[in-house]
Amino acid sequence: MHWRFYWYLFTFSVTVGYLLLHNVSLALIHRQSLYHVNKWKVNEFEMIAPEYAARLDNMFGYPDIGYAIYIEVGTPPQQFRVLVDTGSSNFAIAASPNAGASPYYHHNESSTYKNLTQIVAVRYVAGLWTGELMSDIVHLDVGFNKIVRQAFVGIDYSLQFFPPFSSWQGIVGMAYSSIEMPLGTKTKTFFDQLRNVTGIADIFTLTLYAPIATATLFGPLIDHNYGGEMTFGGLDYTLFIGDAYYTPIIKEWYYQIALAGIAVNDQPISVCCDGYKKYVTFVDSGTTSLVLPPVIFQSVIQRLQKLTPAPTGFWQGRELICTLEFGRNRSNLPTLDITLPLDQVNKTTLHPATHFTLAVSPQQYIRLIEGVRKFGYPCYAFSIIPSQTNPPMIVLGDAVMEGYTVIFDRANGRIGFAVSQFADKNYPVKPKITALEMLNNDSLPVGRPQNRPAEPPPVPDGLAVASIVLASISLFITCLSIAVITYFYYTVRGPLMNDEANYSYQRVRAPPPRPPPYNLPQQRLESDVDLPLGDDSE
């Protein structure tokens, strides 16, 4: 009985230590960078000039599904999660049990519901839905005090549109109204209506946080997902570091930009004829991967295959790799450099450089698949895919956006990129932005706007200190349990096993040997033992 008790004590102590390390120490230490970003937001918004005023909304999501925000619809409010999609313009929410998502909008439970009596159908690259146009009160928990009545589609049927487990129940298109379905509709898009009612500036930003894995003391790597941040009406400078580099929007439908080149390991990938100009390029948060034309895609994987061993199915997106070694070796891979035309850097209107390069880290194009394990090891997927459209296109999806704060400055017709605080602190290979020409002495200084407030001084993080203290306590409990077990084993259990006087037992003689079995009937008859015989008269 004694050894079982001590074994249970040891197991309990180790379990407590593991939970403390996992749920408190590692999680809080790792969240330190995100905590430093979030805790200054109220003061930052109050200090910045009115032209930079913004409203922040937290996002959540997964690299292979997309990123969503919470909204409330109706009176009384019904809460839903909606995918933020810069590659479409419709606002739609599941409104029927046949829509394929739960929960769904119950229009008969809202006193402010209105039926606009129009059927809408939208098809995407993957999936489709149909529904009825309606309107209701929509609320975002980002500080807007005005009532916003918004037209949206109540989805009553969908096919391969909603992800499993109802990660989100609707979609909010943030692109221009020119592609809102049906074409020529007179309703305003979600963001246009929000600006019309609240008066905010025509700008929003997305900062997506890819999940990352952290080590534990007693177990495998643990995934951590921090979602992301979305701002409405301005910039939040605490979300990124360094300068914001802008490229012009060349057509206002999707967010179409020009792409000047792609390089792997500092080796440009050349394209014949008109080069990259013949490919339409979009910035789309509704696409989870980086999409490249097949000829460029093949050139990229051929160069990466020379640098790291991986099966063909991995590069084609059909297989995952689930080993610790592969996850570590990602950091040895080169960045994927995407070159874009340069419009401005921050507020600087004159700049001698003509282009800038986004250095996409290997942690972005080979991503951790959150929650997927094989024998306890994390799994990784290649996040560059070939275009399936004709003609082929280039889409800078979540795989690229997760390293940056992406600024959709619609008011000035441009899209900006700045390295996010989260990626800079958590990616082993840091995303970078580089101008292709150096500044001349006579040019305007490139830096932060003059009216941008100074960054707040560093403040000791009480959560990090508390996590370290709790981790130390958990280790102390584990060591103490081992010491107690060792003490009892040698001081109590050992003498009991060696001192026979302490055992109450009585020796007994071994039983006499049993007679051999009777193999033949004759042996049974010759035996002296009277045995009951059956009726042999027959």
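In the predicted model, a salt bridge joins the side chains of Glu 402 and Arg 367, with a nitrogen-to-oxygen separation of 2.8 Å. This pair connects distant parts of the chain, since the two residues stand 35 positions apart, Glu 402 in the loop between α9 (398-401) and β27 (404-409) and Arg 367 in strand β23 (residues 366-374). Both partners fall below the 20% limit under which a residue is termed buried: the relative accessible area of Glu 402 is 0%, and that of Arg 367 is 4%.

The structure contains six salt bridges, and a network of such contacts links Asp 192, Arg 195, Asp 202 and Arg 410. Within this network, Asp 192 pairs with Arg 195, their closest N and O atoms lying 3.3 Å apart. Asp 192 and Arg 195 both belong to helix α4 (residues 190-198), where a spacing of three residues corresponds to about one turn of the helix. Arg 195 also meets the side chain of Asp 202 in a salt bridge, at an N to O distance of 3.2 Å. With respect to solvent accessibility, Asp 192 is buried at a relative accessible area of 15%, and Asp 202 is likewise buried at 16%, whereas Arg 195, at 25%, is classed as partly exposed.

The largest pocket encloses about 1600 Å³ of space. Its lining comprises 50 residues, of which Val 125, Ala 126, Asp 284, Gly 286 and Thr 287 are the closest to the pocket centre. Several strands contribute to this lining, with at least two residues supplied by each of β3 (78-85), β5 (114-123), β23, β24 (377-382) and β25 (384-386). By residue class, the lining of the largest pocket is made up of 29 nonpolar, 15 polar and six charged residues. Strand β23, one of the contributors to the pocket lining, is also the strand in which Arg 367, the partner of Glu 402, is placed.

Backbone geometry was examined next. Most residues other than glycine have a negative phi, and most peptide bonds are trans. Against this background, the bond between Met 181 and Pro 182 is a cis peptide bond, with omega at about -10 degrees, and Pro 182 is situated in the loop between β8 (170-173) and α4. A cis peptide bond also joins Asn 390 and Pro 391, for which omega is about 0 degrees; Pro 391 is placed in the loop between β25 and β26 (394-396).

Positive phi values occur at Gln 160 and Cys 273, neither of which is glycine. For Gln 160, phi is near 55 degrees, and the residue is found in the loop between β7 (148-159) and β8. For Cys 273, phi is near 60 degrees, and the residue is located in the loop between β17 (267-268) and β18 (281-283). Because the threshold for the exposed class is a relative accessible area over 50%, Gln 160 is counted as exposed at 69%, and Cys 273 is counted as exposed at 70%.

Finally, Asn 329 is located in helix α7 (residues 324-329) and is partly exposed, its relative accessible area being 31%. Between Asn 329 and Pro 362 the sequence separation is 33 residues, while the C-alpha to C-alpha distance in space is 9.7 Å.

Terms used:
Residues numbered from 1 in each chain as written. Predicted model: local features only at pLDDT ≥ 70, side-chain atom pairs only at ≥ 80, totals over all residues. Heavy atoms only, no water. Helix = DSSP H or I, 4+ residues; strand = E, 2+ residues; numbered from the N terminus. Buried < 20%, exposed > 50% of the residue type's maximum accessible area, 1.4 Å probe, protein only. Salt bridge = Lys/Arg side-chain N within 4 Å of Asp/Glu carboxyl O. 1 Å grid on protein atoms, 1.4 Å probe; cavity = no way out; pocket = protein on both sides within 12 Å on 5 of 7 lines; lining within 4 Å. Points joined across faces, edges and corners; volume = space filled by probe spheres on them. Nonpolar A, V, L, I, M, F, W, Y, C, P; charged D, E, K, R; others polar.
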